[in-house]
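Subject: Structure handover

Hello,

Here is the structure I said I would pass on. My notes follow below it.

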Amino acid sequence: MTRFRIVAGPHTVLGEGPIWDVVEERLYWLDSVQGTILRCDAVGGELDVWDLPGPVGAMALRESGGALLTLATGFHLFDFGSGELTPIADPESGRASRFNDGKVDRQGRFVTGSMEDTLIDPASSWLVGKIEAGSSLYRVDTDLTVQRIQGDIGITNGPCFSPDGTTMYVSDSWRDEIQAFDYDAASGTVSRPRTFASWEKDKGSTGLAQPDGATVDSEGYLWSVAVYAGEIRRYAPDGTLDRRIFTPVLKPTSVAFGGPDLDILYVTTMANPPLPMTLPPDGPIAGSLLALHGLGVQGIAERRFAG
């Protein structure tokens, strides 16, 4: 029987980017709006928090220590001990955009994407304006060079990879679909973009479901949260819906397998935002880190960034 438990209280305005690190046996996640990195053990103990100078989009832990971050000013290296940030590149400089989500591929490179936001509420960082499909996916190689690998993206969410690393999935929340790409493991290039799962006709009980953060399990099935609809959906490798799990909040944001046996699905959530106004509040657990037990499947150990 599946069951949810609260791992860490409502620490985040916009929880995102959970990563279970098999080296430290710790879970990392972000508050994208408040600009913080959080870390705890499998049951929520030994909580650590690092403050950043502004909102953060995505993070990858590095094999050599520290992390690679996407901030408003592009890619940066981060030292957990000193808190020092070292800028690498800012490929979206001059555009009304920001980076939103990312994941390390099976070869240790980092893939992330941007979203164009023409109007952002400066007090909360919530999107209140128009989205254009003019954003891109980028790959950060192990020599810290940055390559643009795909355009025509609305809102990048949930990039993840098949167990063999030859398929990359990306949720484009603006298009209400999860896309799949052939991923060349040697070069890190993508080809043959296609719709893996469309949510246009399955918007959930609220009529507002959007695909957000995602991960892939050891059987090659993709798990995606349905933000604003309080669901987690599991898809078979052929794109058919295999399982639908309802969450105790309407606004889950991302998922990652973790725990000693990689059989716990950790779920980040957001606090009650000002939009959309039609949603009822999630109550006191909004913004908490949740754990889903009893799924009967395991995840895949995520690689650290090799750069």
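Where does Ser162 lie? Ser162 is in the loop that joins β14 (156–161) to β15 (167–172). Please keep in mind that this is a predicted model.

Is Ser162 buried or exposed? Its relative accessibility is 7%, so Ser162 counts as buried, the cut-off for that being under 20%. Leaving aside residues up to four places away in sequence, Ser162 touches Arg106, Thr167, Tyr169 and Val216. Tyr138 is 24 residues from Ser162 along the chain, and their C-alpha atoms are separated by 18 Å.

Overall fold

The protein has 24 strands and zero helices. Its radius of gyration is 17 Å, close to the 19 Å that the globule rule gives for 307 residues, so the protein is as compact as a globular protein of that length. The C-alpha trace spans about 45 × 40 × 40 Å along the principal axes.

Of the 307 residues, 57% count as buried. Among contacts with a separation of 6 or more, 48% are between residues 24 or more positions apart. The exposed area of the protein is about 11,900 Å², and carbon and sulfur atoms supply 51% of it. As for charge, there are 25 positive and 41 negative charges, and the mean positions of the two sets are 4 Å apart.

Aromatic residues

How many aromatic pairs does a search of the whole structure find? The search finds 10. One of these is the pair of Phe196 and Tyr235, which is edge-to-face, with 6.1 Å centre to centre and 65° between the planes. Phe196 belongs to strand β17 (residues 190–198) and Tyr235 to strand β20 (residues 231–235), so the pair ties together parts that are 39 residues apart in sequence. Phe196 and Tyr235 are both buried. Elsewhere, Tyr28, Trp50, Phe78 and Phe80 form one aromatic cluster.

Ser224 in strand β19

Ser224 lies in strand β19. With a relative accessible area of 0%, Ser224 is buried. Which residues does Ser224 touch, not counting those up to four places away in sequence? They are Ser171, Ile178, Trp199, Pro211, Asp212, Gly213, Ala214, Glu231, Ile232 and Arg233. Ser224 and Ala256 are 32 residues apart in sequence, and in space their C-alpha atoms are 9.9 Å apart.

Backbone: two positive phi values

Most residues other than glycine have a negative phi. Two exceptions are listed here for checking.

- Glu25 has a phi near 55°, a positive value in a residue other than glycine. Glu25 is placed in the loop between β2 (15–21) and β3 (26–31). At 43% relative accessibility, Glu25 counts as partly exposed.
- Tyr228 has a phi near 75°, again positive in a residue other than glycine. Its place is in the loop between β19 (222–227) and β20. Tyr228 counts as buried, at 17% relative accessibility.

Two further loop residues

Ser93 sits in the loop between β9 (85–89) and β10 (97–104). Is Ser93 buried or exposed? At 53% relative accessibility, Ser93 counts as exposed, the cut-off being over 50%. Ser93 and Thr12 are 81 residues apart along the chain, with their C-alpha atoms separated by 27 Å.

Leu208 lies in the loop between β17 and β18 (210–216). Leu208 counts as partly exposed, at 27% relative accessibility. The C-alpha atoms of Leu208 and Thr2 are separated by 25 Å, and the two residues are 206 apart along the chain.

To restate the main points: the predicted model has 24 strands and zero helices, and 57% of its residues count as buried. Of the serines described above, Ser162 and Ser224 are buried, whereas Ser93 is exposed.

Regards

How values were computed: Residues are numbered from 1 along each chain as its sequence is written. This is a predicted model: local features need pLDDT of at least 70, side-chain atom pairs count only at pLDDT 80 or more; totals for chains, interfaces and linings use all residues. Side-chain values use heavy atoms; hydrogens and water are left out. Helices (H or I, at least four residues) and strands (E, at least two) are DSSP runs, numbered from the N terminus. The radius of gyration is taken over C-alpha atoms; the globule rule is 2.2 Å times the number of residues to the power 0.38. Buried means under 20% relative accessible area, exposed over 50%, partly exposed in between (1.4 Å probe, protein chains only). Contact means heavy atoms within 4.5 Å. Accessible areas come from the Shrake-Rupley method with a 1.4 Å probe; for residues, only the protein chains shown count as cover. Lys and Arg count as positive and Asp and Glu as negative; His and the chain ends are not counted. The place of a charge is taken as NZ of Lys, CZ of Arg, CG of Asp or CD of Glu. Rings of Phe, Tyr and Trp (its six-membered ring) pair if their centres lie within 6.5 Å; planes under 30 degrees apart count as stacked, over 60 as edge-to-face and the rest as tilted.
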